Amino acid sequence: MTTPVISIAFHSGYGHTAVLAEAVRDGAAEVGATVHLIPVDTITDEQWSLLDASDAIVFGSPTYMGTASGAFHTFAEATSKRWFNLDWKDKLAAGFTNSGSKSGDKLNTLQFFTILAAQHGMHWVNLGIHPGWNSSDASENDLNRLGFFLGAAAQTNVDEGPDAVHKADIATAEHLGRRLAETAKRFAPAA
Ligand SMILES: Cc1cc2nc3c(=O)[nH]c(=O)nc-3n(C[C@H](O)[C@H](O)[C@H](O)COP(=O)(O)O)c2cc1C
C-alpha cells in the first residue's frame, strides 16, 4: 500500500491552533499516512527538507488581525525560494485555522492559504462535508459546526486555554487529515 507523507506546517502563539494541528495529524495517521508536525516559527533545515519530500502540506495558523499570524506570514514568504523553481508543484495542500470569534474573519486566512498553495502550483483539498449547526435540529457539536468549505475552521474562547478547543472542531480537523491522506493515496503515482 502506498504510504502518503503529509507535513503540517503550522503556527500557534498560545497553543490552541496546535491542538488542531495534532488533530489533523491523528486523522491522517489513522488512515495510514506518515505525518510530520512542523512549527514554522522554529523551522529547521531538516524540517524544510521534510516539507520538500512530502506528498501533501497542510497550512495551519490562528487568525490574527483577520489573517494568518505574522509568524506564518514570515514562513510563507520564506517559501518563495521553493516558489522560484516550482519545487512544490503538484503536491496536495489543505488548511485550518482557529480564532476567538465564531467568524473572526477566518475565511480570509483560509483564502490566503489557498492562494499560497496556488502560487506554488499545489492542488487544494477542501473539507468535503456539508456545514453543521444550521437547522433547528442541529447542534454545536456537529462536524463542521462553523460551516466552512475551504478547510477546517475552529473557534476557541479568548479567555480559555488549549484544553477548551471545541470537541467538534477537533473532530473536524481529524476529518480533514483523513480526507487529505485518502486523497494523497488516490493521487499517488503508480509504482
Ligand atoms: C494579535 C492577535 C490578533 C487576533 N486577531 C483575531 C481576529 O482577527 N479574529 C478573531 O476572531 N480572533 C483573533 N484573535 C484571537 C485568536 O485567534 C485566538 O485567541 C486563538 O485561539 C489563538 O490561537 P493560538 O493559541 O494558536 O495562537 C487574535 C489574537 C491575537 C493575539
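How close do the axes of α1 and helix α6 come, and at what angle do they cross? The points below take up this question and others on the predicted model.

1. **Helix pair.** The axes of α1 and helix α6, which covers residues 167-187, come within 6 Å and cross at roughly 40 degrees. That angle makes α1 oblique to α6, because angles under 35 degrees would count as roughly parallel and those from 65 to 115 as roughly perpendicular. The crossing in which α1 passes α6 is right-handed.

2. **Confidence.** The structure is a predicted model. Mean pLDDT for the chain is 97, and 98% of the residues reach 70 or more. For the complex, the predictor gives an ipTM of 0.99 and a pTM of 0.98. As a general caution, predicted coordinates should not be read in detail where pLDDT is low.

3. **Ligand surroundings.** The ligand is surrounded by 19 residues, of which Gly-13, Tyr-14, Thr-17, Ser-99 and Gly-104 are the closest. By class, this shell comprises 13 polar residues, five nonpolar residues and one charged residue.

4. **Elements that form the shell.** Which elements each supply at least two residues of the shell around the ligand? They are α1 (16-30), β3 (56-64) and β5 (92-99). The element that gives the most is β3, with three residues. Helix α1 thus enters this note twice: it contributes to the ligand shell, and it crosses α6.

5. **Leu-86.** This residue is found in the loop between α4 (80-84) and β5. The phi of Leu-86 is near 50 degrees, a positive value in a residue other than glycine. Leu-86 counts as exposed because it has 12 C-beta neighbours inside 10 Å, and the class takes in residues with 12 or fewer.

6. **Asn-144.** Is Asn-144, in the loop between β6 (123-124) and β7 (152-155), buried or exposed? Asn-144 is buried, because 23 other C-beta atoms lie within 10 Å and the cut-off is 20 or more. Although Asn-144 is not a glycine, its phi is positive, at about 50 degrees. Positive phi values are therefore reported here for the exposed Leu-86 and for the buried Asn-144.

7. **Thr-34.** The position of Thr-34 is in strand β2, residues 34-39. Thr-34 counts as partly exposed, because its 15 C-beta neighbours inside 10 Å fall between the limits for exposed (12 or fewer) and buried (20 or more). Thr-34 and Ser-54 are 20 residues apart in sequence, and their C-alpha atoms are 9.3 Å apart in space.

8. **Asp-105.** The loop between β5 and α5 (106-119) holds Asp-105. With 14 C-beta neighbours inside 10 Å, Asp-105 also counts as partly exposed. From C-alpha to C-alpha, Asp-105 and Glu-77 are 21 Å apart in space, with their positions 28 residues apart in sequence.

9. **Phe-72.** Helix α3, residues 70-78, contains Phe-72. Why does Phe-72 count as buried? It does so because 28 other C-beta atoms lie within 10 Å, where 20 or more are required. The C-alpha atoms of Phe-72 and Gly-161 are separated by 21 Å, and the two residues are 89 residues apart along the chain.

Terms used:
Residues are numbered from 1 along each chain as its sequence is written. This is a predicted model: local features need pLDDT of at least 70, side-chain atom pairs count only at pLDDT 80 or more; totals for chains, interfaces and linings use all residues. A residue is near a molecule or strand if its C-beta atom, placed from the backbone, lies within 6 Å of it. Helices (H or I, at least four residues) and strands (E, at least two) are DSSP runs, numbered from the N terminus. Ala, Val, Leu, Ile, Met, Phe, Trp, Tyr, Cys and Pro count as nonpolar, Asp, Glu, Lys and Arg as charged, and the others, Gly among them, as polar. pLDDT is the predictor's confidence in each residue, from 0 to 100. Axes are lines fitted to C-alpha atoms, for helices over the stretch in contact, and angles run from 0 to 180 degrees between N-to-C directions. Angles under 35 degrees count as roughly parallel, over 145 as roughly antiparallel, 65 to 115 as roughly perpendicular and the rest as oblique. A crossing is left-handed if the near helix is turned anticlockwise from the far one by less than a right angle, and right-handed if clockwise.
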